[in-house]
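Reader: Hello! I am new to this structure and would love a close look at one part of it. Could you pick a good starting residue and then work outwards from there?

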Amino acid sequence: MTEEQLREELDQWEDVRYRMEAEGIEYCFRSYYSFQEIEDDDFHLKRERLIEMMVEMEEYIQEKITEVEDQIIEIHNEED
């Protein structure tokens, strides 16, 4: 690899870091950028796994909210 190619790759990685810090990880990886210019299979695998984990966490939190809301409704129903 030439120095020019390495500098281009370095710029790409620094751009990823900047977007993560400036826009937040979720928006950076999930909602806005696909980073197609980065030719690194491991990076894209980790990005996909991160997105999957974010979806899992959102689903888990929603399940917990529903569970607690149901318990509150039960308490109110027992009081009536």
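**Starting from one buried histidine**

Author: Let us begin with His44, which is buried because its relative accessible area is 17%; buried means under 20%, exposed means over 50%, and partly exposed covers the range in between, with a 1.4 Å probe and protein chains only. What you see is a predicted model, in which local features need pLDDT of at least 70 and side-chain atom pairs count only at pLDDT 80 or more, while totals for chains, interfaces and linings use all residues. Residues are numbered from 1 along each chain as its sequence is written, and side-chain values use heavy atoms, with hydrogens and water left out.

Where does His44 sit? It belongs to helix H3, which covers residues 41-79. Helices here are DSSP runs of H or I with at least four residues, strands are runs of E with at least two, and numbering starts from the N terminus. Leaving aside residues up to four places away in sequence, His44 touches Ser34, Phe35 and Ile38, a contact being heavy atoms within 4.5 Å.

Let us follow two of those neighbours. Phe35 lies in the loop between helix H2, residues 25-32, and H3. With a relative accessible area of 3%, Phe35 is buried. Its backbone is worth a look too: phi of Phe35 is near 55°, a positive value in a residue other than glycine. Most residues other than glycine have a negative phi.

Ile38 is also found in the loop between H2 and H3, and it counts as buried because its relative accessibility is 4%. Beyond four places in sequence, Ile38 touches Gln12, Trp13, Val16, Phe43 and His44. Gln12 is 26 residues from Ile38 in sequence, yet their C-alpha atoms are 7.0 Å apart in space.

Both loop residues belong to a bigger group. The largest nonpolar core has seven residues: Val16, Cys28, Phe29, Tyr33, Phe35, Ile38 and Phe43. A core of this kind is a set of buried Ala, Val, Leu, Ile, Met, Phe, Trp, Tyr and Cys residues joined through side-chain atoms within 4.5 Å. Cys28, one of its members, touches Val16, Arg19, Met20, Tyr33 and Phe35, again not counting residues up to four places away.

Arg19, one of the residues that Cys28 touches, leads us to the charged pairs. Arg19 forms a salt bridge with Asp15, with the closest N and O atoms 3.0 Å apart; the term stands for a side-chain nitrogen of Lys or Arg within 4 Å of a carboxyl oxygen of Asp or Glu. Both partners lie in helix H1, four residues apart, about one turn of the helix. Asp15 is partly exposed, at 24% relative accessible area.

The same helix, residues 3-23, also holds Arg7 and Glu3, four residues apart. These two form a salt bridge as well, and their closest N and O atoms are 2.9 Å apart. Glu3 is exposed, as its relative accessible area is 53%.

Which salt bridge joins Glu58 to another side chain? Glu58 meets Arg30, at 2.6 Å from N to O. This pair links distant parts of the chain, with Glu58 in helix H3 and Arg30 in helix H2, 28 residues apart. Glu58 is partly exposed at 37% relative accessibility, and Arg30 is partly exposed at 30%. Glu26, Arg30 and Glu58 are linked in a network of salt bridges. The salt bridges come to six by this rule.

Finally, let us step back to the whole chain. It has three helices and zero strands, running α-α-α from the N terminus on. Its C-alpha atoms fill a box of roughly 75 × 25 × 15 Å along the principal axes. The radius of gyration is 21 Å, whereas a compact globule of 80 residues would have one near 12 Å; the radius is taken over C-alpha atoms, and the globule rule is 2.2 Å times the number of residues to the power 0.38. Buried residues such as our starting histidine make up 15% of the 80 residues.
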